[in-house]
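Open your viewer and get ready to make a few selections. We will walk from one stop to the next, and at each one I will tell you what to look for.

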Amino acid sequence: MIVGAGLAGLTVALHLADTCPVIVLAKRELTEAATAWAQGGIVGVLGRDDSIDSHVRDTQEAGAGLVDEATARFIAERSADAVGWLVGQGVPFTADEQGPLGLHLTREGGHAVRRIAHAADATGKAIHDALLDKARAHPNIELRQRWMALDLITSRHVQRDEPSRCYGLYALDMDAQRVEAIAARAVVMATGGAGKVYRYTTNPDTSTGDGIAMAWRAGCRIANMEFIQFHPTCLYHPQERSFLITEALRGEGGHLKLPDGTRFMASHDARMELAPRDVVARAIDFEMKKHGLDHVWLDATHLGEAFLKEHFPTVHARCLALGIDIARQPIPVVPAVHFTCGGVVADLRGRADLPGLYAVGETAYSGLHGANRLASNSLLECVVLGRTCADDILGEAPLEPAPLPAWDESQVENADEQVVISHNWDELRLLMWNYVGIVRTTKRLERALHRIDLLRGEIDDYYANFRVSRDLLELRNLVDCAELIVRSALLRHESRGLHFSRDYPRTLPASLPTVLVKGTGNR
Ligand SMILES: Cc1cc2nc3c(=O)[nH]c(=O)nc-3n(C[C@H](O)[C@H](O)[C@H](O)COP(=O)(O)OP(=O)(O)OC[C@H]3O[C@@H](n4cnc5c(N)ncnc54)[C@H](O)[C@@H]3O)c2cc1C
């Protein structure tokens, strides 16, 4: 049973399907996943001028001292095979006859050499479309869209006196509005990240941290949740909350400005708009908080209409459709959550703490990303660890089945109104944005924790009394993830990578990942 039809889930499914039947759940349409939105590409250590050591070094440098070297090496060593496998699945990567495997490799920030395989600037969609086609055509893969996993079924539910393990899960069939208990020999969490915990994110609506929350509730360890990657410039617009304004626009000379037209980057970094992502994101956040702004401006008007249309056709057209002519007006932008570096602790075979449960992709913590993710490493992680996860499942002895208890709805009724859910969604995301954002203080984190406790009380109450819906289940998961982020941030008494605290601005000489264990003092 695979929860998630992004790159991680589909990779596991395709590797399993020749040997055993697989069910893949997707809580919205199958096409909705962060994978389909990835632009840049996927790492492949393929070039003659490249080496495993070089890629490991770059990953470690980005990860600011918290990358697990064995994991980074394991994944880098398998990157050529991973890209080769995708080519074999029919992914139409941009070609170059002279290039390794006939591929054009591009270079991205933080990489010492060209090692990014890509399909123009829409790599994720090319990969996702190809793998979905393969999965649809495979007789052993049952794809169920609009099915949402809501909790794992463990030894506790089947009343077995044994060390806890996973027997399956409860899932909501959204069309039938019914919850089913589904037994499985292995359950793979491939649910993506938790970007929706924050008000502004580049992530799709599916990224509500469900796998992280479900695994946590089932007793698994969760690591490094304080490391949330922000993209500096996302369009600020009520109808287009997730549209990324490419960093290349600053690279080509776009200026960041306050409402009165003043450029502000000079007071933050000598490289001005060309400073690294986290520096620019922090500077924008600083100015927004200082002046009480909803957004700042990215002004590219001086680059001229012809240049903008030629080099940035997508941004130009998309903004124009929303009434913003970027050749004549500055673009309102905010930083936005882009990637969840932490997640469910899993080994190099995807095994989580609970036997029978696996976690792969953005939902997992494998040790690859450390305190900050290197560009294009996440798609690679999905493919490499998706494969080892499938191999591990196939090597496991079949599970002795247990009768699963049916979902009990006898004590609940239909919700009388939705306002509690929608209000709490907004409140949680706003408080995370304001109190647990790019620059943190202990006081703000404690304030956030207090509010999260209050919200949790209301949500638990609602959950106990009313029939479940996707919005309610997602909100319950968002609250769990929010708490995990805040608690992890409170435990880190330094600033490192993506975590910046005004109370602890120094980076300690040595540090360890933050690992939360349910029911212990650090929770
Ligand atoms: C705009 C953007 C650009 C990016 N560019 C790059 C890039 O160039 N290179 C790179 O390496 N990475 C990039 N990333 C990151 C990368 O895309 C993701 O980390 C990666 O695709 C995650 O894959 P996944 O399979 O783990 O999750 P996803 O692709 O997000 O898939 C999650 C799946 O889980 C399902 N799901 C979630 N919860 C449930 C539930 N409770 N029940 C049932 N189904 C559920 C969803 O419906 C979905 O099918 C980018 C991300 C974004 C947002």
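Start by selecting V43 and I116: I116, in β5, is the bridge partner of V43. Keep in mind as you look around that this is a predicted model. Now widen the selection to the two strands, β3 and β5 (residues 116–117), which run antiparallel and are joined by 2 bridges. Add β4 and you have an open sheet of 3 strands in the order β3-β5-β4, paired in the antiparallel sense. Which strands stand at the edges? They are β3 (42–43) and β4 (105–106); each has a single partner strand, so one side of each is left without a neighbour in the sheet. If you like to draw the bonds, remember that strands of a sheet pair through backbone hydrogen bonds, either parallel or antiparallel.

Next, select the ligand and the residues around it. The shell counts 40 residues, and the closest are T35, G40, D210, E362 and S378. Colour the shell by residue type and you should find 19 nonpolar, 16 polar and 5 charged residues.

Zoom in on the polar atoms of the ligand:

- At G41, a backbone N or O atom lies 2.8 Å from a nitrogen atom of the ligand.
- At A149, a backbone N or O atom is 2.9 Å from a nitrogen atom of the ligand.
- At L379, a polar backbone atom is 2.9 Å from an oxygen atom of the ligand.

Switch on a surface here: of the 1,000 Å² of accessible area that the ligand has on its own, the protein covers 98%.

Which element gives the largest share of the shell? Select α13, which supplies 4 residues. Other elements that each supply at least two include α1 (7–16), β7 (147–154) and β15 (331–340).

Follow α1 to T11, which sits in that helix. Is T11 buried or exposed? Its relative accessible area is 0%, so T11 is buried. A polar atom of the T11 side chain lies 2.6 Å from the backbone oxygen of L7. Leaving aside residues up to four places away in sequence, T11 touches W85, L131, C382, V383, G386 and R387.

For the last stop, go to β15 and pick A336, the bridge partner of H231. From there, show β12, which pairs with β15 in the antiparallel sense over 6 bridges. In β12 (residues 228–235), 8 of the 8 residues are buried, so this strand is largely enclosed by the rest of the structure.

Technical notes: Residues numbered from 1 in each chain as written. Predicted model: local features only at pLDDT ≥ 70, side-chain atom pairs only at ≥ 80, totals over all residues. Heavy atoms only, no water. Near = heavy atom within 4 Å. Polar contact = N/O pair within 3.5 Å; in protein donor to acceptor, adjacent residues only side chain to side chain. Areas by Shrake-Rupley, 256 points an atom, 1.4 Å probe, with all protein chains shown as cover. Nonpolar A, V, L, I, M, F, W, Y, C, P; charged D, E, K, R; others polar. Buried < 20%, exposed > 50% of the residue type's maximum accessible area, 1.4 Å probe, protein only. Contact = heavy atoms within 4.5 Å. Pairing = 2+ DSSP bridges.
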